[in-house]
Structure formats: C-alpha cells, structure tokens
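User: Could you walk me through some of the labels used for this model, and show how each one follows from its definition?

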Amino acid sequence: MLSLSVSNINLSFGTDSILKDITFSVNDGDRVGIVGVNGAGKTTLFKIIKGIMRPDGGEVHIQKGHTVGLLEQNPDLTALPQDISCIDYMYTAFEYLLSLEKEISDLEKRLKDTEKSSDHDMIASIAASLAEKTRIYAEAGGLEFRSRCRSTLLRLGFDEITINQKIRTLSGGQYTRLALARLLATEPDILMLDEPTNHLDIDALSWLESFISSYKKTVLIVSHDRYFLDKTTNKTLHIMYGKAKLYKGNYSKFKEEETAEYLQNEKRYKEQQKEIARIKANIEFQRRCNREHNFVTIRSKEKQLERMEKVELLPNAPKDIRLSFATEEQSANDVLEVKNLSFSYGEKTLIKNLSFLIRRYERVMFLGANGTGKSTLMKIINSEITPQEGKVTLGYNIKIAYFDQENRGLSQNKTVFEEMHDEYPEKKDVEIRSTLALFLFGSEDMDKPISALSGGERARLTLAKLILKKVNLLIMDEPTNHLDIGSCDALENALDAFEGTIIAVSHDRYFINKIATRIIELDPCRENGMIDYQIEEYDDAFSEYLRRRQLHAISSAQNAASEKSASSKQSYEMRKKELAEKRALERKRETAEKRIAQLEEKLKQLDEELFGPAASDYIRAAEIDKEKNEIEEELLSLYEIVM
C-alpha cells in the first residue's frame, strides 16, 4: 500500500533553486536512504514532508490515518522541558494513554465510592465504562509502553542513573539521543530520521540497525554513514542539482547502478555524436555537389537531425573536497607512550589505569561506549587536559595536528578567510583562497562569519586549517561527523596516503574499515581500562573487530562463570577430592591384598618344586631362585600399601 507520495515539489530561496520537480512514492514497509551532498536539500525535503515548510509548488500526500515522526538533525533543545526526568519525558509521547490512565483511575475511584450504594444501575454503568476503557487501554499498548520507553533508553546508551536525571543535566549528544529514543518508542507509521547516527556508540548503532531492519512501517533516513545505510535501507533517493531519482537497493547497490547508468549514457552520447557528425558530413558533401537531387537529400538529412531525440550527458556529481596532508620529516619509531593513565570527572571514572604504546605508521582507532573517555583521551594526548594520574610521553620530533569534533578551535566572530589568514599569516592571500576553494568555499562563502556556518561547513574549515600544517601525527575526534559522503571518501583517501601516524575516535564503520590497523576499546570497568585488538592483516577491520570482541566477551563470561563456580564449589571439590583419594586408597589396598595372597601361594608352590622335582636340576633350581627373589621384592612393596 502506498504510504507517501511526493509530486512536483519545487522550492527556491531567492534566486537559488533548491528543489526542482521532486517526485517519488514510497510503500508501507519501504526503508529509503536519502543521499546527496551537503546543501542538496535533504533536510529541507524532510521539513516539507512533515509540514514544517511549505513548498513553492507541488504537493505531499500521506496515507490517511498514518502518523509521521521526524528526528531533526539539529533539534531545538531549548524546547524540551528541563525539570522532568528523561523517563518522564519519554512518557509524554503517549498523551492518549496517559489520559486513559487518568480516566480509568477516576472510574475506579467512583466505583469504590459507590460500593455501598443501592443504585445498582449506576454501579453497572460505571463498571461497564471501566471495563471498556481498560480494554481500549490494553489494545492501545498501555500495558507495555513504559517498559518500551525504558528499554529504548537503555539500548541507546542511557544507564539507570541517567534515565532518572533531569533533562537540564544532559549533554548535547544526550539531548539528541533522548529525542531519538522518544521518537522510536512511539513507532510512527512514517519514521523520518535526519543523521540519526550522530552521538551513538557502536552498541547503540548496532541496536538501531536491528530496530530499523525489523521495522514493519515506512522509514526515511538521511545519513552520511554508508555502513548504516547499507544495513538498513532497501531503496535510495538521490538528490543532485535539485532533482531526485529513486533507486532500488541500498547505498552500495545505488552507487553501482548510478556508475553503470552514467557509463551507459556516456556511451550512447558518444555514439549519437558520431552519427550526427556522419550525417552533417553527408549534408556538406551533397551541398558541394550542387545538383537538384542533392538538395532533396540534404533536406531529408536535415529533417533526420531535427527528429533525432538528442542524448544529453548526465550532469557530473558536484565536486568533493580535495585534500592531502602535508607530512613533516619522519618521527621516532615510538610515537606515543601512555603509562597508568587515569582521569575522572567528579565521582565518574572515565579513564582507568590505561597503558599502551603507539608506533610509527600505525592507524589506531579508539572505540567504546559513550562516556568511556574517548574524547577526553584525545584532549589529554593533545595536552589540552592534564591527566590526574599517569604519564603521556611523545617520541622525538612529533608534530601534531588535532581535529576536534566540536570545532572549538574556530573563532565565532571571524570570517572564514580571516580564520585561515590568522592561522597562517605568512601565507599569501591567493594561497589561502585556493586552499579554501579546495574545500568548496566560494568567494562569497569566504566572507561569511563562522557563526553562520553549518556543521558540515565548520568541519570542512577545520580540515582546511589542518592540511597546511606539516605534521607526522594526526589526532582526530569524529572527523566524519557533519561531512557528506563524498567528503568522507576524500578524507579517507587523504588519510590512506598520509605518511605518518593516525590516532582517531570514530563510530563510522566505513571509515574504520578503510583506515584502522589497530582498535583499542576503552572500558573503565576493566582493571587495565581497555582491550587492545591488532588487526592490520585484515581488510575488513570493523568486522574483524566485532568477531574478536564477541570471542572476548564469550571468553570473559566463561571465565567469570568458572571463577564463580570455583568459589562456590571450592569446599565441595576439596571434600570430593579427599573422598576420591580415600576410595582409591581402599581399592589399592584391596588389590594389594589379593596380589599378596596370589604371590604367597606362588612362593609356596616354588618352594615345593625346589625341594622336590628340581632338587637335582641345577638349571631349573636357578630359575626358581631368580623368580622367588622377584616375588619377594614385589611382596615388600605390597606390604607397605596394606600396612
């Protein structure tokens, strides 16, 4: 059944045309990834579908009775109530169920008050209303919505303490995750998610992927996370130069089909151009002949060209950023050594007893749940924060460039050009402008104040500032956040070619696969604060990490179970061992006694033979004497057992 249809949507801001005749339809159960460069109009399209913005033309049709839920990329966090807990805010998404609960409570109170009444009709009426409201409440999900709210929060990285905290105490990332959890718990018929993977750790991402993959209703996703799109979507809507085309398949299949489509179109274009050139040459030849019948041929050929449906070349994709990192002279082999590092915020331990060594040319990714100190560790390494315990030692000739995911190195009151110029005052203006142009900043953009930039523009400006530095150690905290897919590809290629060492925090699985040679998972609950995975020999770094992580979890669970079992059964095992030893000794004695009886009987027989038939047979007598000595030695050892 058709869930959503968009017909001929047009939208312009001044002279800039953002969306041009956007038309597509989505069925119930479809999971559509929406892709395009930053500024292509993906978020704008979401707002039009939701009804937040009105298009200049066209219409959106939503199936009657369908609910629509939208997670905005940058929600208005000030609109959230500040003085209620996270779990209570989740409940506010179910106003209908909460109102039913109040009605049921009122009816129960009325019924109790009328128990002693003689008005049986009124009692029956109240009881019937109560039964009906209770039935409606149960069918609408009233019996399980609270547990669903709690489990969704837990799955998205909230712990039992945070669930009950006031909203005003949350960080920006927690705000966004709370908004996502509240939306998912309501299970709308059309679920629209704008960059839902921001601020999620690996475990929360895996759960969200499973949730969406099994979601029976319609899902629309805007995301730069290619791994996430491949796992969750079955259709892809590509927006480019204001126009949109819907493809079957996830992101990877879309890219294959788009590439094949472009090559096929280019081939048809070239073949048609050859045919046009051949016809025009024929026309020119006929004109040179200058005979009457030649003019008939000329007119026929000209009509053939007029009737020909021209093949137009497909537009090239918008330019991606172009970057390569300048490399300082080679660093020492030991780039960074961390020993017994610990750091806490108040009573919360982020980093615990951390020790590791990073060598030249390694590409180390730090992963871990939200709140395990990944960003804090990056700041400690970059000397922005002083550790409370332990030591961080950089090797000889280490030159660092640091990418901060919050882009706090940018001055809000400067323009884009001023930011770059003040960072590199020795550079000529033309070199600075050329560098900014590589990062898709036009001449007008360079005069924009940084406070007016989008998240993607800020990330690009931060990268632009890095590439002019000569460094041999890159420290990057979530560098792909806010970048579009083309920019992520460009960054990965530049890092792959970088002749230095890379230390990074990321939840972008494509990025991890392309870059990582080693993954360190931070876990302050462990004695050494981490688990270290060396994976340089594998192509699919993230999948190998997950495999090893699962094996490690199984091993840890088995060891924990064994330790618990050993502790609880220690005395039992000791008693069991003592009893077994006692039984074994008794069996040994019984066996020895039987053997003694056999050997003594044998000695008696040998003595009778020695002093009888063998008395004159010296050879046999010697044999008997030897056999008796062997039996007597065995008897001596057996007597020790039974004594």
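User: What makes the pair formed by the backbone nitrogen of Thr67 and the side chain of Asp189 a polar contact?

Analyst: The backbone nitrogen of Thr67 is 2.8 Å from a polar atom of the Asp189 side chain. A polar contact is a pair of N or O atoms within 3.5 Å, where within protein one must be able to donate a hydrogen and the other to accept it, and residues adjacent in sequence count only if both atoms are side-chain atoms; the 2.8 Å value therefore meets the distance limit. This is a predicted model, in which local features need pLDDT of at least 70 and side-chain atom pairs count only at pLDDT 80 or more, while totals for chains, interfaces and linings use all residues. Residues are numbered from 1 along each chain as its sequence is written, and side-chain values use heavy atoms, with hydrogens and water left out.

User: Where does Asp189 sit, and which residues is Asp189 in contact with?

Analyst: Asp189 is in the loop between helix H7 (172–186) and strand S6 (190–194); helices (H or I, at least four residues) and strands (E, at least two) are DSSP runs, numbered from the N terminus. Neighbours within four places in sequence aside, Asp189 is in contact (heavy atoms within 4.5 Å) with Gly65, His66, Thr67, Lys217 and Thr218.

User: Why is Asp230 said to have no salt bridge?

Analyst: A salt bridge needs a side-chain nitrogen of Lys or Arg within 4 Å of a carboxyl oxygen of Asp or Glu. For Asp230, the nearest side chain of opposite charge is Arg226, 8.2 Å away, so the criterion is not met. Lys and Arg count as positive and Asp and Glu as negative, with His and the chain ends not counted. Asp230, in helix H9 (residues 226–232), is nevertheless buried (under 20% relative accessible area; exposed is over 50%, partly exposed in between; 1.4 Å probe, protein chains only).

User: How do you know that strands S15 and S16 pair?

Analyst: Two strands pair if DSSP finds at least two bridges between them. S15 (residues 473–477) and S16 (residues 501–505) have 5 bridges, in the parallel sense, so they qualify. Asp477 stands opposite Val505 in S16.

User: What makes S14 and S18 edge strands?

Analyst: The open, mixed sheet has 6 strands in the order S14-S15-S16-S12-S17-S18. Strands S14 (400–403) and S18 (530–534) each have a single partner strand, so one side of each lacks a neighbour in the sheet.

User: And how do S1 and S2 pair, parallel or antiparallel?

Analyst: S1 (residues 2–13) and S2 (residues 16–27) pair in the antiparallel sense over 8 bridges. They form a hairpin with 2 residues between them.
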